[in-house]
Amino acid sequence: MGNDGGSIPLRRELVKEKTKEEKADQRIQTITLWFYCALSKQPLKEPIVADHGGKLYNRESILEFLLDRKNAYGDADTICPYLKSLKDVKTLKLTRIASNEADKKPNIQHDIEMPTQFICPLTMREMNGRYPFVFLWSCGCVFLEKALAELKSTECPVCNEKFTQSEIVPINPLPEKQKSLIDTWKAQKKSSKRKKSSHSNEKSDSDGKKSSPPPKDKEDSNKRIKKEKPNSSVKINGTSVSRILEKYSTKNSALDGNAAIKGIFIDKSAPATNDSNFICKNTFNRYA
Ligand SMILES: [Zn+2]
């Protein structure tokens, strides 16, 4: 190998060593991305979900994170700060490798080696990070990217659900691509939220006008109290309040002598009160 006084190491030999190391690093990275949950760092196990950037997670870890954002996982802020609810991830419909095929595969050979669990249902290609895979946001089905592209279909070949090109999400794309996918999705989410909120504002405005018009004058207020159904079980001097109301609602001046009954009606000489106070003040329950 050189440095023994007799020979000088060749550049080729040194560079070869470096490439091997790089390859090992890359392999570890690939396995981490494709076989482990991005959040919990636990081996992926179904139900598996993916976000709009194609990151894979165990659904369970996402639930834990959503329940306790700050404490569930220390590095969540750098991994998926954009996930706010389960709607922000899609549960994947994966095709398991046939059990007899899986048996043929070597099991965990060393620390970083993982057995392949899933395949493309169209080509039977293994989903292990060596080939680009995609999933459909519309249904969650997972395919080899090339196989789906070659179909040139707008219907999922597994479950027949329709999809658009923008609903094809690459799994574990390059970091730059991942970032741009997340940015695009965040922008879309923001604009649809804005549209929704302006729509609901308009709606609640019109609802408000219909459901609770402000009383225009005292006459209106009188009409409102007549509409309210008095509690017929409440009785004053043996007569039900509803009956007394019926009898005297238009000529409450005749009730001057009875303070209790007088209280039920609006004092026309009193200044107009605001709506909520008005309702509470005149409720019949106060006599029950
Ligand atoms: Zn599908």
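Modeller: Two strands are taken to pair if DSSP finds at least two bridges between them, while helices (H or I, at least four residues) and strands (E, at least two) are DSSP runs, numbered from the N terminus. This is a predicted model, in which local features need pLDDT of at least 70 and side-chain atom pairs count only at pLDDT 80 or more, whereas totals for chains, interfaces and linings use all residues. Residues are numbered from 1 along each chain as its sequence is written.

Colleague: What pLDDT does the chain average?

Modeller: The pLDDT is the predictor's confidence in each residue, from 0 to 100, and 61% of the residues score at least 70. It stays under 50 over residues 106–110 and also over residues 244–257. Taken over the chain, the average pLDDT is 76.

Colleague: How many contacts beyond four places in sequence does the model have for residues 244–257?

Modeller: Two residues are in contact if their C-beta atoms, placed from the backbone, lie within 7 Å. For residues 106–110 the model has four such contacts beyond four places in sequence, and for residues 244–257 the number is 12.

Colleague: What share of the 288 residues of the chain count as buried?

Modeller: A residue is buried if 20 or more other C-beta atoms lie within 10 Å of its own, exposed if 12 or fewer, and partly exposed in between, with C-beta atoms placed from the backbone. The secondary structure comes to 10 helices and 10 strands, and of the 288 residues the buried share is 17%.

Colleague: In what order do strands 1, 2 and 3 stand in their open sheet?

Modeller: Strand 1 (residues 48–51) pairs with strand 2 (residues 56–58) in the antiparallel sense, and three bridges join strand 1 to strand 3 (residues 89–91), which also run antiparallel. Strand 2 and strand 3 are the edge strands, each pairing on one side only. The order in this open sheet is therefore 2-1-3.

Colleague: Which residue of strand 2 is the bridge partner of I48?

Modeller: Strands 1 and 2 form a hairpin with four residues between them, and in its turn G54 has a positive phi of about 80°. The three bridges between these strands are antiparallel, with A50 of strand 1 partnered by L56. For I48, the bridge partner in strand 2 is N58.

Colleague: Are the residues of strand 1 buried or exposed?

Modeller: From strand 1, I48 and A50 point one way, and V49 and D51 point the other way. V49 stands opposite T91 in strand 3. Whichever way they point, all four named residues of strand 1 are buried.

Colleague: Why do the buried residues of helix 2 line one face of the helix?

Modeller: The buried residues of helix 2 (residues 59–67) are S61, I62 and F65. What covers them includes strand 1, strand 2, helix 3 (76–79) and strand 3. They line one face because, seen down the axis and taking the directions from the helix axis to the C-beta atoms, they fall within an arc of 100°.

Colleague: What angle does the direction of helix 2 make with that of strand 2?

Modeller: Axes are lines fitted to C-alpha atoms, for helices over the stretch in contact, and angles run from 0 to 180 degrees between N-to-C directions. Helix 2 packs on the sheet and touches strand 1, strand 2 and strand 3. With the direction of strand 2, that of helix 2 makes an angle of about 80°.

Colleague: Why does L86 count as partly exposed?

Modeller: L86 is found in the loop between helix 3 and strand 3, and it touches I62 and L66, not counting residues up to four places away in sequence. Its C-alpha atom is separated by 7.6 Å from that of L63, which is 23 residues away along the chain. L86 counts as partly exposed because its C-beta neighbours inside 10 Å number 13.

Colleague: How many other C-beta atoms lie within 10 Å of S40?

Modeller: S40 lies in the loop between helix 1 (11–35) and strand 1. Leaving aside its neighbours within four places in sequence, S40 is in contact with N58, S61 and Y73. S40 is partly exposed, and the number of other C-beta atoms within 10 Å is 18.

Colleague: Which residue of strand 8 does V134 stand opposite?

Modeller: Strands 7, 6 and 8 form an open antiparallel sheet in the order 7-6-8, with strand 7 (142–144) and strand 8 (168–170) at the edges. Strand 6 (residues 133–136) and strand 8 pair over three bridges. Opposite V134, in strand 8, stands P170.
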